[in-house]
Amino acid sequence: MIEEFKNLNSEEAELMYKAPLLVSILIAGADEEIDKAELNEAVSLSKLKKITAREDLDEYYEVVSSDFEEKVEALIHQYPEKVEQRNKEIITELEKLNDILPKLDKKFALEFYESIKDMAKKIAESSGGILGYMAVGYEESKLIKLPMIKDPAQY
């Protein structure tokens, strides 16, 4: 477990590690079927974030990016196929971050929040559209800013 999670119980730490996976599934599957291009972007982003993440997130993304593709594929099968049910369950899980983020160092919490929002945006933009226009679908646009997670700056 990374140092930033010392004040968390094992379930809370697990959810923190799982959050980028949940965001990936939520955004990639927002328009009914889970889009392979978007999942591929999520895998690429997890590897890239391991290298380019803000210094406070280096260790976090080192853990998260390990076997990311296998983890996301396994996690997909734990959720219902129907988009409404799947999204509802994932949103409920992500809402639990609202109780966890205030327990973390504020700088880490803010950087984590911005990082997963950036991930959601890049995943949504990775598929569809014509010459980059209208690349984000309607359902994705409702979720892209991760409204179920409160901005840690407000704590």
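User: Let us start with glutamine 154: is this residue buried, partly exposed or exposed?

Analyst: The model is a predicted one, and burial in it is read from the relative accessible area of a residue. A residue is called exposed when this value is over 50%. Glutamine 154 has a relative accessible area of 65%, so it counts as exposed.

User: Where in the chain is glutamine 154 found?

Analyst: Glutamine 154 belongs to the segment that follows H8. A pair of C-alpha atoms helps to place it further: those of glutamine 154 and proline 20 are separated by 21 Å, and the two residues are 134 residues apart along the chain.

User: How many helices and strands does the protein contain?

Analyst: The protein has 8 helices and 0 strands. Read from the N terminus, its elements follow the order α-α-α-α-α-α-α-α. The radius of gyration is 15 Å, close to the 15 Å that the globule rule gives for 155 residues, so the protein is as compact as a globular protein of that length.

User: What are the spans of the C-alpha trace along its principal axes?

Analyst: The C-alpha trace spans about 45 × 30 × 30 Å along these axes.

User: How should I read contacts between parts of the chain that lie apart in sequence?

Analyst: One takes the contacts with a separation of 6 or more and asks what share joins residues 24 or more positions apart. In this protein that share is 78%.

User: What percentage of the residues is buried?

Analyst: A residue is buried when its relative accessible area is under 20%. Buried residues form 46% of the 155 residues here. On the outside, the protein exposes about 8500 Å², and 49% of this area is supplied by carbon and sulfur atoms.

User: How many positive and negative side chains does the protein have?

Analyst: There are 21 positive and 34 negative side chains, and the centres of the two sets are 3 Å apart.

User: Which residues of the largest nonpolar core touch the most other members?

Analyst: A nonpolar core is read as a set of buried residues joined through side-chain atoms. The largest one here holds 50 residues, and Phe5, Met16, Leu94, Leu97 and Phe112 touch the most other members. At least two residues of this core come from each of helix H1 (10-28), helix H2 (36-52), helix H3 (58-65), helix H4 (68-76), helix H5 (83-95), helix H6 (97-100) and helix H7 (106-125). H1 gives the largest share, 12 residues.

User: What is methionine 16 in contact with, beyond its neighbours within four places in sequence?

Analyst: With those neighbours left aside, methionine 16 is in contact with Phe5, Leu8, Tyr60, Leu97, Ile100, Leu101, Leu104, Phe108 and Phe112.

User: Is isoleucine 27 buried or exposed?

Analyst: Isoleucine 27, a residue of helix H1, has a relative accessibility of 0% and therefore counts as buried. Residues up to four places away in sequence not counted, it touches Glu38, Ala120, Ile123, Ala124, Glu140, Leu143 and Ile144. Isoleucine 27 and valine 83 are 56 residues apart in sequence, and their C-alpha atoms are 11 Å apart in space.

User: Can a loop residue be read in the same way, and where is isoleucine 34 found?

Analyst: Isoleucine 34 lies in the loop between H1 and H2. Its relative accessible area is 17%, so isoleucine 34 is buried. Beyond its neighbours within four places in sequence, isoleucine 34 has contacts with Ile25, Ala28, Gly29, Leu39, Ile76 and Arg86.

User: What lies between buried and exposed?

Analyst: Values between these two classes are called partly exposed. Aspartate 118, in helix H7, is such a case: at 25% relative accessibility it counts as partly exposed. Its C-alpha is 9.8 Å from that of leucine 45, and the two residues are 73 residues apart in sequence.

User: How is the sign of phi to be read?

Analyst: Most residues other than glycine have a negative phi. Aspartate 67 has a positive phi, near 60°, and is not a glycine. Aspartate 67 sits in the loop between H3 and H4, and its relative accessible area of 48% makes it partly exposed.

User: What is the phi of leucine 146?

Analyst: Leucine 146 has a positive phi of about 50°, although it is not a glycine. Leucine 146 is located in the segment after helix H8 (138-143). With a relative accessibility of 0%, leucine 146 counts as buried.

Conventions
Residues numbered from 1 in each chain as written. Predicted model: local features only at pLDDT ≥ 70, side-chain atom pairs only at ≥ 80, totals over all residues. Heavy atoms only, no water. Helix = DSSP H or I, 4+ residues; strand = E, 2+ residues; numbered from the N terminus. Rg over C-alpha atoms; globule rule 2.2 N^0.38 Å. Buried < 20%, exposed > 50% of the residue type's maximum accessible area, 1.4 Å probe, protein only. Contact = heavy atoms within 4.5 Å. Areas by Shrake-Rupley, 256 points an atom, 1.4 Å probe, with all protein chains shown as cover. Lys, Arg positive; Asp, Glu negative; His and termini not counted. Charge placed at Lys NZ, Arg CZ, Asp CG, Glu CD. Core = buried A, V, L, I, M, F, W, Y, C linked by side-chain atoms within 4.5 Å.
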